[in-house]
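Take a look at the model below. This report walks through its ligand site, two lysines and one annotated span.

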Amino acid sequence: MSRSAHPAGPRHADVLPEGHYAAPPVDLNALDPKVWAQTVTRDEDGVVTVGGVDVKTLAEEVGTPAYVLDEEDFRARARAWRTAFGHDADVFYAGKAFLSRAVVRWLDEEGLNLDVCSGGELATALSAGLAPDRIAFHGNNKTPAEIRRAVEAGVGRIVLDSFQEIVRVAHLARELGKRQRVQIRVTVGVEAHTHEFIATAHEDQKFGIPLAGGQAAEAVRRALQLDSLDVIGIHSHIGSQIFDMSGFEVAAHRVVGLLKDIRDEHGVELPEIDLGGGLGIAYTSEDDPREPHEIAKALTEIVTRECEAARLRTPRISVEPGRAIAGPTAFTLYEVGTVKPLEGLRTYVSVDGGMSDNIRTALYDAEYSVALVSRTSDAEPMLVRVVGKHCESGDIVVKDAFLPADLAPGDLIAVPATGAYCRSMASNYNHALRPPVVAVREGEARVIVRRETEEDLLRLDVG
Ligand code: LLP
C-alpha cells in the first residue's frame, strides 16, 4: 500500500502504465449516469440538457466557462443522506466542497446541518439565515475572532482541534457568559483514500489530537473540567474519496475505545460521535461509489456493535459528507478554443478555463471524464488532453480522454463531477475571472454565484 498517493488522486491500485490508455468508450455520445448529474440527457438534436435547459442556451446566457449545477440532483442527494441516517443521526454537509447562500437554503429545506471551517463559510451560512445551532465549526487554527463570532452566534458545536484551542474556546465562552457545546477531534491512526486504507501510524499530520499515548483522553479530561465547555462527543475524519468502509470500521472501533476509557475514568458517557466525511464519488465510469443508505447501514452497524461490546449506550452519530452531495451535481461547461494534434502523441484541446476553475488535476493528479455536449458526432474517437488557457504546461483539466475526431473550435464540451472542490478551490491565477455557478431546475437557469468581472479584480487592487 502506498502512503504517498494523494486522497483524491488516481485509483492507485490500478493506474495504467505510462503510454497505455484504456480503450475508447463504445459510444462517445453516451452520458454515463454514474458521472453526470441526474437530470442530464440529450435532446432530439443531440444537445445536452440539464434541469430542462440546454447547454447552448446556457452558454449564450451566462457564457463559458461556467459551473452548471443540477439543483434537483443536489437536493435529492442531500435528502438521500438525510433519509438514510434517519432521526437518530445528523448529517452535516461539509461546506468546503461548495458553499453559497442558495446552497445553504437548500440544505435547510432538506433538513441537513452544515459544517463550516472558516469565518467566511460561517458568515455565508449566517447570512443565508441558517439556524446557528445547526452549524458545526471546524478548523485546526480558528482565530480568536472567528471563535468569538461562532460562540456569540450560538453555533451548535465547535470541533476542538488542539490543547490550546480547548483553553481558547473555554476562555472566550466564559468571557461571553456562554456554555459552548464542543466535540474533540481525534486522530485515530487511520488514513483512508480511495480503495485502500492504512490502519497504523498516521498521526503525522496537522489535524486533531492523537489517540496514541493517551493524548486524546487527556484532552477530554481537561475539557470536562472547564465549566464553559459542554463536551458532547468525539470527532474523527479519516480521509477523502473513500470507497472501502474498512477504514471507518477501524476508526469507529478506536473512537468507541476512547468513549469506554472516558466512561471508566470519569464516569461520563459522551452522547455523540462524528465520523466525518470522505465518501467517494464517480469521476469516471471506473469508479463505483457506495449509496448513502449502504453507508448509513454500515456505519450504524459498526458503531452499535462496538458499543455493545464495550457495554456503552450507542451514541448519536453524525457524518459530514461534502463531495458525495455536491460533487456529482455539477459539470463545468467550456468552449473549445483550439484543437492541436501532436503527431504520434495526442491531441491537445484548449478550453476557455483551466487550472483556475479546476485545480484538482494539477494538484492531485485527479481523473475526470469529458464529453462533447453541444452536438453528437459519429466521428472516430481521438485521444485528447483537455488543457486550459493558463501560462503553465501543468494546466491540465482532463489528462487522458477520448473525444470525437471532428471536434472543432466553438464546440462546447463539459467535464462532469465538478460540483465539489472546484469553485471552492478556484483562483484568479493569471487574473482569470472565476466562473459563475448556474443552478438549473425545471427549465429555469438561475445564477447563484455570478461570474467575476474585471471590476471585481480591480476593486481589490488599491493602486
Ligand atoms: N469533515 C471534515 C472534518 C473534513 O476535513 C472534510 C474534508 C469533510 C468533512 C468533507 O469531506 P468529503 O466528504 O467532501 O470528502 N480538496 C480536496 C478534498 C479536501 C477535503 C478536506 N476535508 C479535494 O479536492 O479532493
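How far apart do the end C-alpha atoms of residues 331–419 lie, and what percentage of the span is helix and strand? The end C-alpha atoms are 7 Å apart. Helix makes up 6% of the span, and strand makes up 46%. UniProt lists these residues, 331–419, as "domain: Orn/DAP/Arg decarboxylase 2 C-terminal" in an unreviewed entry. Keep in mind that this is a predicted model.

**The ligand site**

Now turn to the ligand. It is surrounded by 19 residues. The closest are Gly278, Glu320, Arg323, Arg360 and Tyr421. Sorted by class, the shell holds 6 nonpolar, 7 polar and 6 charged residues. Two domains contribute to the shell. Domain 1 (41–70 + 328–458) supplies at least three residues, and so does domain 2 (138–321).

Three polar pairs link protein and ligand atoms. The table sets them out.

| Residue | Protein atom | Ligand atom | Distance |
|---|---|---|---|
| Arginine 323 | polar backbone atom | oxygen | 2.7 Å |
| Arginine 360 | polar side-chain atom | oxygen | 2.6 Å |
| Tyrosine 364 | polar side-chain atom | nitrogen | 2.8 Å |

How much of the ligand's accessible area does the protein cover? On its own, the ligand has 590 Å² of accessible area, and the protein covers 89% of that.

**Two lysines**

Start with lysine 96. UniProt lists Lys96 for "modified residue: N6-(pyridoxal phosphate)lysine", again in an unreviewed entry. Lysine 96 sits in a loop. That loop runs between strand S5 (89–94) and helix H3 (101–109).

Is lysine 96 buried, partly exposed or exposed? Its relative accessibility is 28%. Buried means under 20%, and exposed means over 50%. Lysine 96 falls in between, so it counts as partly exposed.

Next comes lysine 142. This residue is also in a loop, between strand S7 (135–137) and helix H5 (144–153). Its relative accessible area is 1%. That value is under 20%, so lysine 142 is buried.

Which residues does the side chain of lysine 142 meet? One is glutamate 165: the two side chains share a polar contact of 2.5 Å. Another is valine 159. Its backbone oxygen lies 2.7 Å from a polar atom of the lysine 142 side chain.

Put the two lysines side by side. Lysine 96 is partly exposed at 28%, whereas lysine 142 is buried at 1%. Lysine 96 is the one that carries the UniProt listing described above.

Methods. Residues numbered from 1 in each chain as written. Predicted model: local features only at pLDDT ≥ 70, side-chain atom pairs only at ≥ 80, totals over all residues. Heavy atoms only, no water. Near = heavy atom within 4 Å. Polar contact = N/O pair within 3.5 Å; in protein donor to acceptor, adjacent residues only side chain to side chain. Areas by Shrake-Rupley, 256 points an atom, 1.4 Å probe, with all protein chains shown as cover. Nonpolar A, V, L, I, M, F, W, Y, C, P; charged D, E, K, R; others polar. Domains from an automatic or database assignment. UniProt positions renumbered as here; feature names shortened; annotations may be inferred. Helix = DSSP H or I, 4+ residues; strand = E, 2+ residues; numbered from the N terminus. Buried < 20%, exposed > 50% of the residue type's maximum accessible area, 1.4 Å probe, protein only.
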